[in-house]
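Subject: Structure handover

Hello,

Please find the structure below, for you to look over. My notes on what was found in it follow.

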Amino acid sequence: MSLESFMKKQGYKFLYLRRITSGDYSPRDSEWNYSDIPHLNYIHTKVDGYTYFANDDRIVNLFMQRLGPFSVPISNYIEHLENHKHSYVMNILGMVVAVTTSHNKAANGKAETLTEYKFYYRSFIEKIFALIIKNATKKNYKVLMSEDKPMRNQRGFLRNIGITFISDKKDKIGFSETEDLTTKNVDGRSYFKSKKKIKIDLRNKTKNFNIKEWHLTFISFDNKISILGDICQHEGAKLNYDFSSKSKTCLAACPWHGKRVAPLLILNKYHSEDHNFNYLHQEFTAGVHNEVLYIQAI
Ligand code: FES
Ligand SMILES: [Fe+2]
(Lines give C-alpha, C1' and ligand atoms only; values in the text may rest on other atoms or scores of the structure.)
(Ligands and ions follow the chains in the order given, each with its own letter.)
Protein backbone atom coordinates (compact mmCIF):
# COMPACT_ATOMS: atom_id res chain seq x y z
CA MET A 1 0.00 0.00 0.00
CA SER A 2 1.38 3.45 -0.89
CA LEU A 3 1.67 6.14 1.77
CA GLU A 4 -0.96 8.17 -0.12
CA SER A 5 -3.51 5.30 0.02
CA PHE A 6 -2.72 4.72 3.69
CA MET A 7 -3.25 8.39 4.54
CA LYS A 8 -6.50 8.45 2.54
CA LYS A 9 -7.74 5.42 4.46
CA GLN A 10 -6.97 7.27 7.70
CA GLY A 11 -9.19 10.14 6.55
CA TYR A 12 -6.49 12.60 5.47
CA LYS A 13 -6.56 15.15 2.65
CA PHE A 14 -3.56 17.21 1.58
CA LEU A 15 -2.45 20.65 0.43
CA TYR A 16 -0.14 20.55 -2.56
CA LEU A 17 2.99 22.61 -3.32
CA ARG A 18 5.30 22.38 -6.30
CA ARG A 19 8.70 24.04 -6.73
CA ILE A 20 11.16 23.96 -9.63
CA THR A 21 14.84 24.93 -9.68
CA SER A 22 16.81 24.81 -12.91
CA GLY A 23 20.35 25.66 -13.87
CA ASP A 24 23.32 25.05 -16.13
CA TYR A 25 24.50 21.84 -14.52
CA SER A 26 23.75 18.15 -14.90
CA PRO A 27 20.74 16.39 -13.28
CA ARG A 28 23.45 14.24 -11.64
CA ASP A 29 24.62 17.36 -9.74
CA SER A 30 21.11 17.85 -8.41
CA GLU A 31 20.96 14.15 -7.48
CA TRP A 32 24.36 14.40 -5.74
CA ASN A 33 23.25 17.53 -3.87
CA TYR A 34 20.18 15.74 -2.46
CA SER A 35 22.17 12.61 -1.50
CA ASP A 36 25.09 14.54 -0.02
CA ILE A 37 24.96 14.29 3.78
CA PRO A 38 28.01 16.28 4.96
CA HIS A 39 27.18 19.65 3.30
CA LEU A 40 24.13 20.07 5.50
CA ASN A 41 26.07 21.32 8.50
CA TYR A 42 28.47 23.50 6.45
CA ILE A 43 26.34 25.07 3.74
CA HIS A 44 22.89 25.39 5.26
CA THR A 45 22.47 28.21 7.72
CA LYS A 46 18.92 27.48 8.87
CA VAL A 47 19.13 23.75 9.48
CA ASP A 48 21.33 21.33 11.42
CA GLY A 49 21.15 17.61 10.73
CA TYR A 50 21.77 14.46 12.72
CA THR A 51 21.84 11.09 10.94
CA TYR A 52 20.40 8.11 12.83
CA PHE A 53 20.94 5.68 9.97
CA ALA A 54 22.14 5.84 6.37
CA ASN A 55 22.95 3.37 3.64
CA ASP A 56 23.03 4.09 -0.07
CA ASP A 57 19.26 3.61 -0.54
CA ARG A 58 17.81 5.10 2.64
CA ILE A 59 18.47 7.64 5.36
CA VAL A 60 16.69 8.42 8.60
CA ASN A 61 17.67 11.72 10.14
CA LEU A 62 16.61 14.57 12.37
CA PHE A 63 16.69 18.18 11.19
CA MET A 64 16.58 21.10 13.58
CA GLN A 65 14.98 23.70 11.36
CA ARG A 66 15.15 27.37 12.35
CA LEU A 67 11.92 29.25 11.69
CA GLY A 68 12.33 32.86 12.82
CA PRO A 69 13.28 32.78 16.52
CA PHE A 70 12.22 29.10 16.88
CA SER A 71 13.97 25.85 16.16
CA VAL A 72 11.67 23.01 15.11
CA PRO A 73 12.60 19.28 15.11
CA ILE A 74 11.72 17.50 11.85
CA SER A 75 12.10 13.71 11.50
CA ASN A 76 12.84 12.51 7.97
CA TYR A 77 12.80 9.20 6.20
CA ILE A 78 14.29 9.52 2.69
CA GLU A 79 14.60 6.92 -0.08
CA HIS A 80 16.83 7.12 -3.12
CA LEU A 81 16.23 3.96 -5.13
CA GLU A 82 16.72 5.39 -8.65
CA ASN A 83 19.13 8.13 -9.76
CA HIS A 84 16.42 10.56 -10.91
CA LYS A 85 14.37 10.60 -7.72
CA HIS A 86 14.44 11.18 -3.94
CA SER A 87 11.23 10.49 -2.00
CA TYR A 88 10.79 11.48 1.61
CA VAL A 89 8.32 11.63 4.42
CA MET A 90 8.75 14.30 7.07
CA ASN A 91 7.08 14.64 10.41
CA ILE A 92 6.84 18.31 11.40
CA LEU A 93 5.33 18.83 14.86
CA GLY A 94 3.03 15.85 14.29
CA MET A 95 2.11 16.81 10.73
CA VAL A 96 2.95 14.36 7.94
CA VAL A 97 4.51 15.88 4.80
CA ALA A 98 5.29 13.64 1.82
CA VAL A 99 7.83 14.99 -0.69
CA THR A 100 9.13 13.79 -4.04
CA THR A 101 12.09 15.43 -5.75
CA SER A 102 12.98 14.46 -9.31
CA HIS A 103 16.18 15.38 -11.16
CA ASN A 104 15.49 15.86 -14.86
CA LYS A 105 16.98 17.30 -18.00
CA ALA A 106 14.81 20.08 -19.48
CA ALA A 107 14.31 20.59 -23.24
CA ASN A 108 16.85 23.48 -23.22
CA GLY A 109 19.54 21.09 -21.91
CA LYS A 110 19.51 22.56 -18.39
CA ALA A 111 18.94 20.52 -15.28
CA GLU A 112 15.48 20.86 -13.75
CA THR A 113 14.73 19.78 -10.19
CA LEU A 114 11.04 19.39 -9.44
CA THR A 115 9.93 19.09 -5.81
CA GLU A 116 6.33 18.24 -4.93
CA TYR A 117 5.02 18.48 -1.37
CA LYS A 118 1.83 17.05 0.13
CA PHE A 119 0.87 18.53 3.52
CA TYR A 120 -1.61 16.12 5.12
CA TYR A 121 -4.52 17.26 7.33
CA ARG A 122 -7.87 15.94 8.58
CA SER A 123 -9.62 18.67 10.59
CA PHE A 124 -10.10 22.40 9.99
CA ILE A 125 -7.48 23.20 12.66
CA GLU A 126 -5.01 20.83 11.02
CA LYS A 127 -5.71 22.49 7.66
CA ILE A 128 -4.80 25.91 9.13
CA PHE A 129 -1.63 24.37 10.51
CA ALA A 130 -0.88 22.75 7.11
CA LEU A 131 -1.32 26.18 5.45
CA ILE A 132 1.15 27.78 7.88
CA ILE A 133 3.71 25.01 7.25
CA LYS A 134 3.13 25.26 3.48
CA ASN A 135 3.92 28.99 3.56
CA ALA A 136 6.96 28.46 5.76
CA THR A 137 8.11 25.76 3.30
CA LYS A 138 7.89 28.23 0.38
CA LYS A 139 10.18 30.66 2.22
CA ASN A 140 12.51 27.91 3.39
CA TYR A 141 12.79 26.47 -0.12
CA LYS A 142 14.16 29.83 -1.33
CA VAL A 143 16.78 29.87 1.43
CA LEU A 144 17.78 26.24 0.78
CA MET A 145 18.15 26.82 -2.96
CA SER A 146 20.17 30.02 -2.46
CA GLU A 147 22.65 27.83 -0.53
CA ASP A 148 22.51 24.63 -2.64
CA LYS A 149 22.45 26.11 -6.14
CA PRO A 150 25.97 27.65 -6.05
CA MET A 151 27.31 24.11 -5.40
CA ARG A 152 25.50 22.76 -8.46
CA ASN A 153 26.58 25.79 -10.52
CA GLN A 154 30.23 25.21 -9.62
CA ARG A 155 29.92 21.61 -10.82
CA GLY A 156 28.20 22.87 -13.98
CA PHE A 157 31.10 25.27 -14.54
CA LEU A 158 33.59 22.39 -14.20
CA ARG A 159 31.59 20.24 -16.63
CA ASN A 160 31.51 23.10 -19.15
CA ILE A 161 35.31 23.26 -19.21
CA GLY A 162 35.60 19.47 -19.61
CA ILE A 163 36.11 18.36 -16.01
CA THR A 164 33.92 15.37 -15.11
CA PHE A 165 32.95 13.32 -12.06
CA ILE A 166 33.81 9.66 -11.48
CA SER A 167 30.35 9.11 -9.94
CA ASP A 168 28.71 9.91 -13.33
CA LYS A 169 29.50 6.32 -14.30
CA LYS A 170 27.55 4.92 -11.34
CA ASP A 171 23.87 4.00 -11.47
CA LYS A 172 23.11 6.41 -8.65
CA ILE A 173 24.76 8.39 -5.85
CA GLY A 174 23.81 6.87 -2.51
CA PHE A 175 23.65 8.60 0.87
CA SER A 176 26.31 6.82 2.92
CA GLU A 177 28.97 6.99 0.19
CA THR A 178 28.88 10.81 0.37
CA GLU A 179 30.26 10.69 3.93
CA ASP A 180 33.70 9.49 2.79
CA LEU A 181 35.65 12.75 2.38
CA THR A 182 38.74 10.85 1.15
CA THR A 183 36.96 10.06 -2.15
CA LYS A 184 38.46 11.97 -5.11
CA ASN A 185 35.47 12.26 -7.38
CA VAL A 186 36.67 15.04 -9.70
CA ASP A 187 38.32 13.89 -12.93
CA GLY A 188 40.46 16.49 -14.77
CA ARG A 189 42.29 14.09 -17.12
CA SER A 190 40.55 15.21 -20.34
CA TYR A 191 40.87 18.85 -19.30
CA PHE A 192 44.61 18.67 -18.69
CA LYS A 193 45.29 16.58 -21.81
CA SER A 194 45.20 19.75 -23.94
CA LYS A 195 47.41 21.76 -21.59
CA LYS A 196 51.01 22.35 -22.58
CA LYS A 197 53.87 22.60 -20.15
CA ILE A 198 53.94 25.80 -18.09
CA LYS A 199 57.10 27.62 -17.11
CA ILE A 200 57.10 30.31 -14.44
CA ASP A 201 60.14 32.46 -13.75
CA LEU A 202 60.13 32.65 -9.96
CA ARG A 203 62.47 35.67 -9.95
CA ASN A 204 59.53 37.71 -11.30
CA LYS A 205 57.15 36.29 -8.71
CA THR A 206 57.86 37.77 -5.34
CA LYS A 207 54.31 37.17 -4.05
CA ASN A 208 51.91 34.25 -3.93
CA PHE A 209 50.05 33.78 -7.20
CA ASN A 210 47.70 31.51 -9.06
CA ILE A 211 47.41 30.26 -12.62
CA LYS A 212 43.69 30.20 -13.37
CA GLU A 213 43.87 27.99 -16.45
CA TRP A 214 45.65 25.29 -14.48
CA HIS A 215 43.48 25.79 -11.37
CA LEU A 216 46.61 25.98 -9.24
CA THR A 217 47.83 28.35 -6.52
CA PHE A 218 51.48 28.83 -5.58
CA ILE A 219 52.69 29.95 -2.18
CA SER A 220 56.31 30.87 -1.48
CA PHE A 221 57.89 30.51 1.93
CA ASP A 222 61.52 30.22 3.06
CA ASN A 223 63.30 28.55 0.11
CA LYS A 224 60.24 26.62 -0.87
CA ILE A 225 57.19 26.85 -3.06
CA SER A 226 53.89 25.06 -2.33
CA ILE A 227 51.64 23.97 -5.19
CA LEU A 228 47.96 23.85 -4.19
CA GLY A 229 44.85 22.87 -6.16
CA ASP A 230 42.07 25.46 -6.58
CA ILE A 231 39.47 22.73 -7.08
CA CYS A 232 38.65 20.44 -4.17
CA GLN A 233 39.36 16.91 -5.36
CA HIS A 234 36.51 15.50 -3.29
CA GLU A 235 33.48 16.95 -5.09
CA GLY A 236 34.73 20.06 -6.90
CA ALA A 237 34.31 23.05 -4.55
CA LYS A 238 36.27 26.18 -5.41
CA LEU A 239 38.99 26.62 -2.81
CA ASN A 240 40.15 30.04 -1.69
CA TYR A 241 43.50 30.15 0.03
CA ASP A 242 44.18 32.40 2.92
CA PHE A 243 47.47 34.03 1.93
CA SER A 244 47.76 35.69 5.32
CA SER A 245 47.68 32.33 7.15
CA LYS A 246 50.77 31.46 9.19
CA SER A 247 50.46 27.79 8.22
CA LYS A 248 52.30 26.99 5.01
CA THR A 249 51.20 23.41 4.69
CA CYS A 250 47.45 23.67 5.11
CA LEU A 251 45.85 26.91 4.07
CA ALA A 252 42.25 26.12 3.23
CA ALA A 253 39.25 24.32 4.62
CA CYS A 254 36.81 23.25 1.94
CA PRO A 255 33.64 25.37 2.16
CA TRP A 256 31.36 22.46 1.22
CA HIS A 257 32.43 19.77 3.68
CA GLY A 258 35.14 21.33 5.85
CA LYS A 259 38.00 19.09 4.71
CA ARG A 260 41.48 20.56 5.34
CA VAL A 261 43.36 20.89 2.06
CA ALA A 262 47.08 20.08 1.97
CA PRO A 263 49.53 21.15 -0.78
CA LEU A 264 49.87 18.85 -3.79
CA LEU A 265 53.64 19.29 -3.71
CA ILE A 266 56.27 21.40 -1.93
CA LEU A 267 59.41 22.10 -3.96
CA ASN A 268 62.73 23.53 -2.88
CA LYS A 269 63.49 26.49 -5.18
CA TYR A 270 67.22 25.74 -5.17
CA HIS A 271 67.23 21.95 -5.65
CA SER A 272 66.85 21.00 -9.29
CA GLU A 273 65.03 17.76 -8.62
CA ASP A 274 61.85 16.76 -10.44
CA HIS A 275 58.90 15.37 -8.53
CA ASN A 276 55.52 13.96 -9.51
CA PHE A 277 52.15 14.84 -8.05
CA ASN A 278 48.58 13.84 -8.80
CA TYR A 279 45.76 16.36 -9.10
CA LEU A 280 42.20 15.57 -10.23
CA HIS A 281 43.41 12.08 -11.28
CA GLN A 282 46.01 13.58 -13.64
CA GLU A 283 49.67 12.84 -13.04
CA PHE A 284 52.06 15.82 -13.28
CA THR A 285 55.80 16.29 -13.06
CA ALA A 286 57.24 19.52 -11.63
CA GLY A 287 60.63 20.96 -10.82
CA VAL A 288 62.57 24.20 -10.38
CA HIS A 289 65.63 24.70 -12.58
CA ASN A 290 67.58 27.96 -12.35
CA GLU A 291 64.64 29.49 -10.48
CA VAL A 292 62.22 28.61 -13.28
CA LEU A 293 59.35 26.40 -12.17
CA TYR A 294 57.92 24.06 -14.77
CA ILE A 295 54.85 21.82 -14.57
CA GLN A 296 53.79 19.29 -17.14
CA ALA A 297 50.94 16.79 -17.36
CA ILE A 298 52.30 13.29 -18.04
S1 FES B 1 34.11 19.21 -1.98
FE2 FES B 1 33.97 17.91 -0.26
S3 FES B 1 35.60 18.43 1.04
FE4 FES B 1 35.73 19.75 -0.68
FE1 LIG C 1 21.45 21.10 0.54
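Note that this is a predicted model. I begin with the hairpins and then go on to the metal site.

In the hairpin of E17 and E18, 2 residues lie between the strands, and Leu280 has a positive phi near 55°. The two strands, E17 (residues 275-279) and E18, are antiparallel and share 5 bridges. Across this pairing, Phe277 faces Phe284 of E18.

Strand E18 also pairs with E19 (residues 292-297), again in the antiparallel sense, here over 6 bridges. Val288 is opposite Leu293 in E19. The hairpin of E18 and E19 has 2 residues between its strands, and Asn290 takes a positive phi near 50°. As for exposure, strand E18 spans residues 282-289 and is mostly covered, with 6 of its 8 residues buried.

Now the metal site. The iron ion (ligand 2) is coordinated by NE2 of His39, NE2 of His44 and two OD contacts from Asp148, at 2.1 to 2.5 Å. The spacing of these donor residues in sequence is H-x4-H-x103-D. The angles among the 4 donor atoms run from 55 to 148°, and the site is irregular.

Are the two histidines buried or exposed? His39 has a relative accessible area of 4%, so it counts as buried, the cut-off being under 20%. His44 is at 6% and is therefore buried by that cut-off too.

Regards

Definitions and conventions: Residues numbered from 1 in each chain as written. Chains lettered and ligands numbered in written order. Predicted model: local features only at pLDDT ≥ 70, side-chain atom pairs only at ≥ 80, totals over all residues. Heavy atoms only, no water. Buried < 20%, exposed > 50% of the residue type's maximum accessible area, 1.4 Å probe, protein only. Helix = DSSP H or I, 4+ residues; strand = E, 2+ residues; numbered from the N terminus. Pairing = 2+ DSSP bridges. Donors = N, O, S within 2.8 Å, 3.2 Å for Na, K, Ca; no water. Tetrahedral: all angles 85-135°; square planar, octahedral: opposite > 155°, others 65-115°.
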